[in-house]
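Please open the model in a viewer and keep the sequence panel visible. The tour below proceeds by selection, from single residues to helices and whole chains.

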Amino acid sequence: MSTVIDSGDADRLDAAWWIDRIVKVLVFAGGISAIVFILGIFAFVTKEGFGFVLKDMDVVEFFTSPNWRPTSDTKPTHGILALLAGTASITGFAMLISVPFSLGAAIYIGEFATGKTRETLKVLVEMLAAIPSVVWGFIGLSIMNPLIIDLFDVPVGLCMLNAGLILGLMAAPIMTTIAEDALKAVPDGYREAAEAMGATRWQVIWKVVIPAAKNGLVAAVLLGVGRGFGETMAVLMASGHSINMPEGVFDPVRALTATIAAELGETVAGDTHYQALFTLGILLFAVTFVINLTADLVVRGIRKK
Amino acid sequence: MFERTELNARNDRTQALVKVLFGVMTVLLALPVLIILGMLVVRGGPMISWEFLTADPTNGMTEGGIYPALVGTIWLVSVALLISVPIGIAAALYLSEYARDTWMTRAINLAIINLAGVPSIVHALFGVGAFVLFFKFGTSILAASLTLAIMTLPVVIVATRESLQAVPHEFREACWNMGATRWQTIRRIVLPNSISGILTGVILEVSRTAGETAPIMFTGAAMFLPFLPQSVMDQTMALSLHLFAISTQVTDVPEELPYGVALVLIGLVLALNAVSIGFRTWLRGRKKW
């Protein structure tokens, strides 16, 4: 046989080549869709909220006044200090509890636990991550609320403590999972070398594994903070949702995210209140973007080594 | 020469102490899931009946069942999947099979991390600004599902990319050496070998989508509607928003009712998760390479 490829084969090859080209374009479109969407989020939230930034916003009042009264008939004010304080106090309290527990759990699951125990614990942590935000809010409202009232003898249990505990539990799985991944990424050779020198398991973890996984652990905490900062429904339902500069853990507080969720329904598209809520959205977007970018850069720091 | 010294003993004590301490911390993290589930089952369990699942809410949502909310959640999740699964798989194929390590790939990865990290309420604002107002879909299932789809896109992308990358590179090389195009290789070798992993990711996305509340509140879900949705341009009730409504907005709700709704919602979500986890474990055990 002298002809290797007859014309029928050539046509088929041609078709295969064209399909390949078309698929390549389609798949590329899918790939850049993530960029299109994130730019779209930024563009649309800014488009709806920028009228407020340009026209009605008093920058000093916005950042330094604790008075958020966008619906006042006489003199509406748009100060977000109390909302910032609410978000910061809840997130801070949540991290205070959640960071040590999550890192501890990551170390236990990654370094100590074996076999069935390890798998079971991992599944439980995954289940914890799967509980929907609104169910957490409901738990804060109907289980934690009476519990806090009884335990601490306070009039209302919807407060910073309640929302902080809930948020801590919500942020824990993401921190545990990412921290455990970071520990797993440390080469076994490091551990073996240290153990060969006579170090105990804990000495290996403390002196070798944790320093080697440091960046990943920092990224885990950052992403946990981002999660807490952006949480909406659970915080709305468990925090008490009243505008307040918090002074103690039993004070009800109000978060930025919850403010948008609670008030957007009352606004008319395009009015000042509506635009002000979108401005809060711009702020939330910017802060979480910076947190995620930082976490990404920190993780890249390890890969370069 | 190799006698145990005081130092050895101290190190061992520290080691034992630390192990117990971290073990207890882990259990304290894992325990709430079991406690919460237990409380929901005990208090909400008696509410669940065939009638609860198939009847309309009555008397200002203080009595009756959850049928329209259940149907609405199924609508929202199905439409969201139709949108996000093809896009997500395409994106994962691009990242795993085509992309080189360029600034473009880095930008895509960063965008994915951010899509997952942007607060759900910001996704909601985006949905209102883009789909409800700009594209004029109004508050509808379409607008809500688009918002949900974009929000949960990273779940599909990450899971799919992982299972694509688990297919050994030699499989692809063998196929290319036979003269196959990139797409033929993907179609005949890569996808068949990773389809179950992709499915695991899709199930996980269903469970995430079903539980979300904030993104659908202003884009297409209503607290109460007297009719079922007929098309994607209608509004709908949803299980998650229903739980929010009866536990915060409606007065005189009997105490057990929201427990029943919460149990159905969490049951749905955790069952889907369990299927996904079980599937993954089974796959791992079956892996031939």
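In which loop of chain B is the place of B:G179? Select B:G179 in this predicted model: the residue sits in the loop that joins α7 (169-177) to α8 of chain B. B:G179 has 9 other C-beta atoms within 10 Å, and since 12 or fewer is the limit for an exposed residue, B:G179 is exposed. Now add B:E3 to the selection and draw a distance between the two C-alpha atoms. The separation is 67 Å in space, for a pair that stands 176 residues apart in sequence.

**Chain B as a whole**

Display chain B alone, as a cartoon. Eleven helices and two strands make up its secondary structure. Read from the N terminus, the order is α-α-β-β-α-α-α-α-α-α-α-α-α. Chain B is more spread out than a compact globule, because its radius of gyration is 24 Å, well over the 19 Å that the globule rule gives for 289 residues. The C-alpha trace of chain B extends over about 80 × 65 × 35 Å along its principal axes. Buried residues account for 49% of the 289 residues of chain B. Of the contacts in chain B with a separation of 6 or more, 75% involve residues 24 or more positions apart.

**A helix pair in chain B**

Select residues 120-134 and 141-165 of chain B, which are helices α5 and α6. Their axes come within 9 Å and cross at roughly 135°, which means that α5(B) is oblique to α6(B). The crossing of the two helices is right-handed. To see the contact, show side chains on both helices. On α5(B) the participants are B:S120, B:H123, B:A124, B:F126, B:G127, B:F131 and B:V132; on α6(B) they are B:A143, B:A144, B:L146, B:T147, B:I150 and B:M151. Coloured by class, this contact shows nine nonpolar residues, four polar residues and no charged residues.

**A covered helix**

Move next to helix α10 of chain B, residues 239-249. How many of its eleven residues are buried? The count is nine, and the helix is mostly covered. The buried residues are B:L239, B:S240, B:L241, B:H242, B:L243, B:F244, B:A245, B:I246 and B:S247. Bring chain A back into view to inspect the cover, which includes elements of both chains. From chain A it includes α5 (133-152) and α9 (233-238); from chain B it includes α3 (67-98), α8 (182-211), α9 (214-217) and α11 (256-286).

Continue along chain B to B:D252, in the loop between α10 and α11. B:D252 is not a glycine, yet its phi is positive, at about 60°. Most residues other than glycine have a negative phi. B:D252 is exposed, with 8 other C-beta atoms within 10 Å.

**Where the chains meet**

With both chains displayed, select the residues that touch across the boundary. On chain B, 71 residues are in contact with 76 residues of chain A. Helix α1 of chain B, residues 6-44, gives the most to the chain B side, with 17 residues. That side of chain B comprises 49 nonpolar, 18 polar and four charged residues.

**Chain A**

Hide chain B and repeat the survey for chain A. Chain A likewise has eleven helices and two strands, arranged from the N terminus as α-α-β-β-α-α-α-α-α-α-α-α-α. Its radius of gyration is 26 Å, whereas a compact globule of 305 residues would have one near 19 Å. The C-alpha trace of chain A spans about 95 × 60 × 35 Å along its principal axes. Of the 305 residues in chain A, 49% are buried.

Select helix α3 (residues 81-112) and helix α8 (residues 201-230) of chain A. The two helices pack at an angle of about 145°, with axes 10 Å apart, and their crossing is right-handed. Among the residues making this contact are A:T87, A:M95 and A:E111 of α3(A) and A:I205, A:V225 and A:F229 of α8(A). The residues of the contact divide into eleven nonpolar, six polar and one charged.

The final stop is A:H241, in the loop between α9 and α10 (256-263) of chain A. Its phi is positive, about 50°, although A:H241 is not a glycine. Is A:H241 buried or exposed? With 21 C-beta neighbours inside 10 Å, A:H241 counts as buried.

Conventions. Residues numbered from 1 in each chain as written. Chains lettered and ligands numbered in written order. Predicted model: local features only at pLDDT ≥ 70, side-chain atom pairs only at ≥ 80, totals over all residues. Helix = DSSP H or I, 4+ residues; strand = E, 2+ residues; numbered from the N terminus. Rg over C-alpha atoms; globule rule 2.2 N^0.38 Å. Buried ≥ 20, exposed ≤ 12 C-beta atoms within 10 Å, placed from the backbone. Contact = placed C-beta atoms within 7 Å. Nonpolar A, V, L, I, M, F, W, Y, C, P; charged D, E, K, R; others polar. Axes fitted to C-alpha atoms, helices over the stretch in contact; angles between N-to-C directions. Parallel < 35°, antiparallel > 145°, perpendicular 65-115°, else oblique. Left-handed = near helix turned anticlockwise from the far one by under 90°.
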